[in-house]
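This report is for a reader meeting the structure for the first time. It goes from the packing of the interior to the sheets, the aromatic rings and a few unusual backbone sites.

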Amino acid sequence: MMDARAQYRHLGRFSSKFSSSRQGGGDRFIPNRSAMNLDIAHYLLMAAPRKVKENNSGISSSGKGKGAYREILDRVLLQNRTRILEFNSKPSAPTEEIFPEIFFDSPSNHKRPLKNKRYIPQSAEKVLGAPNIESDFYLNLLDWGKRNIIAVALRNSVYLWDASNGSTSKLVTFNDHVSPVSSVSWAPDGKHIALGLSNSYVQLWDVTSNRPLRTLEGIHQSRVGSLSWNGGILTTGGMDGNIVNNDVRIRSHIVQKYTGHHMEVCGLKWSGSANKLASGGNDNLVHVWDCSMAASTTTSNRSPWLHRFEEHTGAVKALAWCPFQRNLLAAGGGESDRCIRFWNTDIGNCLSSVDTNSQVSGLIWSKNERELLSSHGLPHNNLVLWRYPSMEKIVELDGHFSRVLFTTQSPDGCRVASAAGDETLRLWKIYETSTVGKAASKGASTTPFASFSAFTTIR
């Protein structure tokens, strides 16, 4: 048995002999690769995998064995290399000039722009005082008109807040025998507003001249808690359970009636196509009416509804028609229900439902995204933005200290106003102005709250 030095000398002679045999050049089948160290390659292929027997005498005398022998070989002969073939430098990367028509025109090479992550402030942008606002779930006391003016009813009075310049004005104060105001709703033109009163009357006002136009009487037997416009038709819902279409352009304004609720009607919404009306009541019912099926005042027949939904277990005030799917209706139930349900109004079935664990007082679809905003009373007293149809929570907006009872959306869809029993009205920025699909109304400021102070008390 040879020791380590003897094996090294023997391997050196073998390598020299092997190298000299290759000096004559390669033949026509095997080229002469002079740039490669074929000795080391041959050793790595043939000799390295073989097991070398330990030199027992060497171990006992010098304390070095197989590991030390291979370490010497790696350091002296192989120069610590482990690859058979090595390149001195990495191959150059392909350039864009090669086949430019393929590089640029291939769909797989098109870089998609990264969508910026949206930031939604979780605190109110503005806080306004709303003293003496009625803490009544069944009323509708807040609305944002086309001309960027917010109307809010504070017991006997109705105030207007211009979001373009932050100015506040009082429209009217009623006597005690007709108040408090139970509902407000802007007409589509943004110049006229309807006010529902507790004595069953409805008044129409021209806000540009600050004067009343007419009073609608004989519609209901008690307070008018819900209003909804459809062109020149003002639909009213009362505590008596009746729904009435009023043509405000003619003297005999009552033109049609819808009968189906047996308790107070607290929610009314016309669809975007203006051919369907949704109603919700304190009887936990949701009705969908076809405008052609309403009973005329000349007949005494009870009007049939298109659909009647009985799944809710609480009063239904929150109603919202989807702007991107005409037959989709969202409805939210009160404290004993707490669910948002989505209805296909073409065939009359429930598509999905989500339990919010809180009283649902309002629903607003986004004008720009597939999202839904809900407002809540007890126990959370907040607003929640949902992604539809997954109903994943995007953000929760906290700040109110009492039930959020009334919500409305700005004309451009960027902001939402909410009013609560804590006697505050809060303005929330949901979308940037640059992302809005529809432009704001003519003359409205694109930054309506820029010049307004952080806190103002409406007097």
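The model is predicted. A convenient starting point is Leu195, which, with neighbours within four places in sequence left aside, is in contact with Val158, Leu171, Val172, Phe174, Ser183, Val184, Tyr201, Val202, Gln203, Trp205 and Leu227. Apart from the core of Leu195 lies another core, made of 16 residues. Ala318, Ala330, Val360 and Met391 are among the members of that other core.

Leu195 belongs to the largest nonpolar core, which has 38 residues. Within this core, Leu171 and Leu195 touch the most other members. Strand β3, residues 149-154, supplies the largest share of the core, with 6 residues.

**Two open sheets**

Strands of a sheet pair through backbone hydrogen bonds, in either a parallel or an antiparallel way. One open sheet here has 4 strands in the order β23-β24-β25-β26, and its pairing is antiparallel. Its edge strands are β23 and β26, each of which pairs on one side only. From one strand to the next, the twist averages 20 degrees. Inside this sheet, β24 and β25 are paired in the antiparallel sense over 5 bridges. Leu372 has Trp386 in β25 as its bridge partner.

Another open sheet, also described by 4 strands, runs in the order β14-β15-β16-β18 with antiparallel pairing. Here the edge strands are β14 (265-270) and β18 (307-309), and each pairs on one side only. Neighbouring strands of this sheet are turned against each other by 15 degrees on average, with direction ignored. The antiparallel pairing of β14 with strand β15, residues 276-281, covers 5 bridges. Leu268 has Ser279 in β15 as its bridge partner.

**Aromatic rings**

How many aromatic pairs does the structure hold? There are 9 of them. In one, the rings of Tyr258 and Trp289 have centres 5.2 Å apart and planes at 55 degrees, so the pair counts as tilted. Tyr258 sits in strand β13 (residues 254-259) and Trp289 in strand β16 (residues 286-290), so that the pair links distant parts of the chain, 31 residues apart. Tyr258 is buried, at a relative accessible area of 1%, and Trp289 is also buried, at 1%.

Phe324 and Trp365 form an aromatic pair that is edge-to-face, with 5.5 Å from centre to centre and 85 degrees between the planes. Phe324 lies in the loop between β19 (316-321) and β20 (328-333), whereas Trp365 is in strand β23, so this pair ties together parts 41 residues apart in sequence. Is Phe324 buried or partly exposed? With a relative accessibility of 29%, Phe324 counts as partly exposed. Trp365, in contrast, is buried, with a relative accessible area of 4%. Phe324 and Trp365 also belong to one aromatic cluster, together with Phe342 and Tyr388.

The two pairs described above are set out below.

| Aromatic pair | Centre-to-centre distance | Angle between planes | Class |
|---|---|---|---|
| Tyr258 and Trp289 | 5.2 Å | 55 degrees | tilted |
| Phe324 and Trp365 | 5.5 Å | 85 degrees | edge-to-face |

A ring also takes part in a contact with a charge: the charged end of Lys317 sits over the ring of Phe137, 5.4 Å from the ring centre.

**Backbone sites in loops**

Which residues does a cis peptide bond with an omega of about 10 degrees join? They are Tyr388 and Pro389. Tyr388 is a member of the aromatic cluster already described, and Pro389 is placed in the loop between β25 and β26 (392-397). The peptide bond from Leu378 to Pro379 is cis too, and its omega is near 0 degrees. Pro379 lies in the loop between β24 (371-376) and β25 (383-387).

Two asparagines have a positive phi. For Asn132, a residue other than glycine, phi is near 70 degrees. Asn132 is located in the loop between β1 (126-129) and β2 (142-144). Asn357, likewise not a glycine, has a positive phi of about 60 degrees. The loop that holds Asn357 runs between β22 (349-355) and β23 (360-365). Asn357 is partly exposed, its relative accessible area being 43%.

How values were computed: Residues numbered from 1 in each chain as written. Predicted model: local features only at pLDDT ≥ 70, side-chain atom pairs only at ≥ 80, totals over all residues. Heavy atoms only, no water. Buried < 20%, exposed > 50% of the residue type's maximum accessible area, 1.4 Å probe, protein only. Core = buried A, V, L, I, M, F, W, Y, C linked by side-chain atoms within 4.5 Å. Contact = heavy atoms within 4.5 Å. Pairing = 2+ DSSP bridges. Axes fitted to C-alpha atoms, helices over the stretch in contact; angles between N-to-C directions. Phe/Tyr/Trp six-rings, centres within 6.5 Å; stacked < 30°, edge-to-face > 60°. Lys NZ or Arg CZ within 6 Å of the ring centre and 35° of its normal.
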